Amino acid sequence: AMASAMALLLLSLALHSVAVAALLPTGRGLAHVATHILDSSARRHAASCPAAMAFGAVHVSRLSCLRGFSVNMQEQEQAQERGEKEEEFVPPMERLREVVRAQASQGALVAEKQEEISEFLNSHVSETLLQLVLRYTDVGETAKSKNFWSRGSWVPAAAVVEAVNADSISLSVSVRVRGKEAPEVLKTSLKLPSRCERVDELRSALLELAAANAIDGAAALLQLPGATDDWSLPDDLWLNNTPNRRSVRQMFYDDVSAAVQAAVADEECDRRMRVTITTPELNMQMDSYRVGTLLELVRQIALDLSSHGLRVRICVQGSMGQGIFTGMPRVLSGVRKVLGMMDWQSDEGQSNAGVVGDDETEGLIRFGAIGEGEVKADDDVFLLLAPQSMVGAPIYEPLSAMAKAAGDRAMVLINDDLADRQSSGGVMGVRGRSDRVAFANSFRDVYKCRMLYQGTTFMYPIKGALRMSYKPAGRPIHVLYARFDSPDDRYERYVPVGAFDEEPQSERITELVKAARSPFEEA
């Protein structure tokens, strides 16, 4: 009896030790095993000594409770881990928006770059500043009233930036007054159209003010210190030499993809979007057109979007028409098949493993045609390759039905041509033309890059370029470039000569390109 009592006492002490271990995260597994051992030992001793059966029964009950406590703690930990994983899940579209917001926040704050911005504005855009002052401050109104009867009696001659903040630019203006030798100095403030915390926003605001009144010299603002992108193009692109260098093609791929991601992520941007890039390799009207370049571009966009978890459907129109007149545009012939044969690096062990899927299941990137039936419930973004009408077969009906089925999901047309084709039998005639035009205009440009040529007969040589890219901060900017060759024809450079909030008229483009000065002559 004494031995059994001592054994039960030891079991009781061990029981408390196990209980303490069960309260510690690292000891719960050990406690669970120990309770099983103590449980068996307690039962044996209780059975061998009838006097200790009640005492043993109490401890057996305690051990069973302890075992249940340990199991419950493990279940709670597993549930907590599952909850944390669920909380960590971020929807794909929100992940993309976080990335775009992070890119937008990379630009410097205006407060951090005040001195550099002031120095740059005074050194490089002094004439533009003076025109902005005359247009948007009380100095311009004063000049009009004082020069009403006698022109030249009160002439603002120069504007100097003194301070820059998020809401306005403080300036001092020198005025030549007739009859006075010393100029008169006035203080004024140029109010910005919106609050500009970052340099990118400040640049967009100044460009918006300049573009609204066709003020010259605004292109220099593109190089404002602290901005994330100066809108320059690399030297020696040699786009007329096809195929282009891999680095040149990759530059355009990255540029287009960044614009598409920014537009898709922006909730205020229209869900119907358009990309137009007509470099010689991507211009379907030229014999230098390479379908491989178009497919590489689409692959880059699709992979970048899918990297955030978005499901992207790449669509190529199928055969259209009726009877013996069925067919498809020559530039799209075989493109759907080539898409599936491309190297997507989606095999097991590769960088994009599983992104394309297989015959049984669709991956994040899937393929289809153009039509209402191609839209699936889980698709996030649609990329449509060069949709266009044919003689006798308009693209309007299947494309408009697909756009309607897509609803508020992003649909991006790449190098589309939605213009009517002259056909017989009343196809694409006057009836319904207003609807087709309105539908084509419902797509918003998120990227444009086209070459400028002298004349229209031969698309050579390239005289310049016009580029627009959707940015996560500020309004889209159309930048006009003039192209120059070095005297020995060994180098070339694209020089920004104009910046606009919308595409300029052809007369304005010709004027600015002809007036541009070669940087090689200045050197």
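Which residues of α13 are buried? The close-ups below answer this and set α13 among its surroundings.

**View 1. The whole chain is a predicted model of helices and strands.**
The chain has 15 helices and 12 strands. Helices (H or I, at least four residues) and strands (E, at least two) are DSSP runs, numbered from the N terminus. Of its 523 residues, 45% count as buried. Buried means under 20% relative accessible area, exposed over 50%, and partly exposed in between (1.4 Å probe, protein chains only). The chain exposes about 27,800 Å², and carbon and sulfur atoms supply 51% of that area. Areas come from the Shrake-Rupley method with a 1.4 Å probe; for residues, only the protein chains shown count as cover. Among contacts with a separation of 6 or more, 65% join residues 24 or more positions apart. Contact means heavy atoms within 4.5 Å.

Residues are numbered from 1 along each chain as its sequence is written, and side-chain values use heavy atoms, with hydrogens and water left out. In this predicted model, local features need pLDDT of at least 70 and side-chain atom pairs count only at pLDDT 80 or more, while totals for chains, interfaces and linings use all residues.

**View 2. Helix α13 has a buried side.**
The buried residues of α13 are Arg436, Phe439 and Ala440. They cover an arc of only 100° around the axis, so they sit on the same side of α13. The arc is that of the directions from the helix axis to the C-beta atoms. The face turned away from this buried side carries the exposed residues Ser434 and Asn441. Cover for the buried residues includes β4 (272-278) and α12 (396-406). Arg433 also lies in α13 (residues 433-441). Arg433 counts as partly exposed because its relative accessibility is 39%. The C-alpha atoms of Arg433 and Ala419 are separated by 9.9 Å.

**View 3. Strand β4 pairs with β8 and with β9.**
Two strands pair if DSSP finds at least two bridges between them. Four bridges join β4 to β8 (residues 410-414), and the two run parallel. Here Met273 has Val412 of β8 as its bridge partner. β4 and β9 (residues 444-453) also pair in the parallel sense, over six bridges. Arg274 has Asp445 of β9 as its bridge partner.

**View 4. Three strands form an open sheet.**
The order is β1-β2-β3, with antiparallel pairing. β1 (154-164) and β3 (184-191) stand at the edges with a single partner strand each, so one side of each has no neighbour in the sheet. Neighbouring strands are turned by 30° against each other on average, direction ignored. Nine bridges link β1 to β2 (residues 168-177). One bridge pairs Val161 with Leu171 in β2. Helix α6 (residues 126-136) packs on the sheet, touching β1, β2 and β3, and its direction makes about 105° with that of β1. Helix α7 (residues 138-146) touches these three strands too, at about 170° to β1. Axes are lines fitted to C-alpha atoms, for helices over the stretch in contact; angles run from 0 to 180 degrees between N-to-C directions.

**View 5. The largest nonpolar core holds 100 residues.**
A nonpolar core is a set of buried Ala, Val, Leu, Ile, Met, Phe, Trp, Tyr and Cys residues joined through side-chain atoms within 4.5 Å. Leu121, Ile169, Leu202, Ile314 and Trp344 touch the most other members. Helix α9 (residues 246-265) gives the largest share, 10 residues. A second, separate core of 19 residues includes Ile370, Ala393, Ala403 and Phe443.
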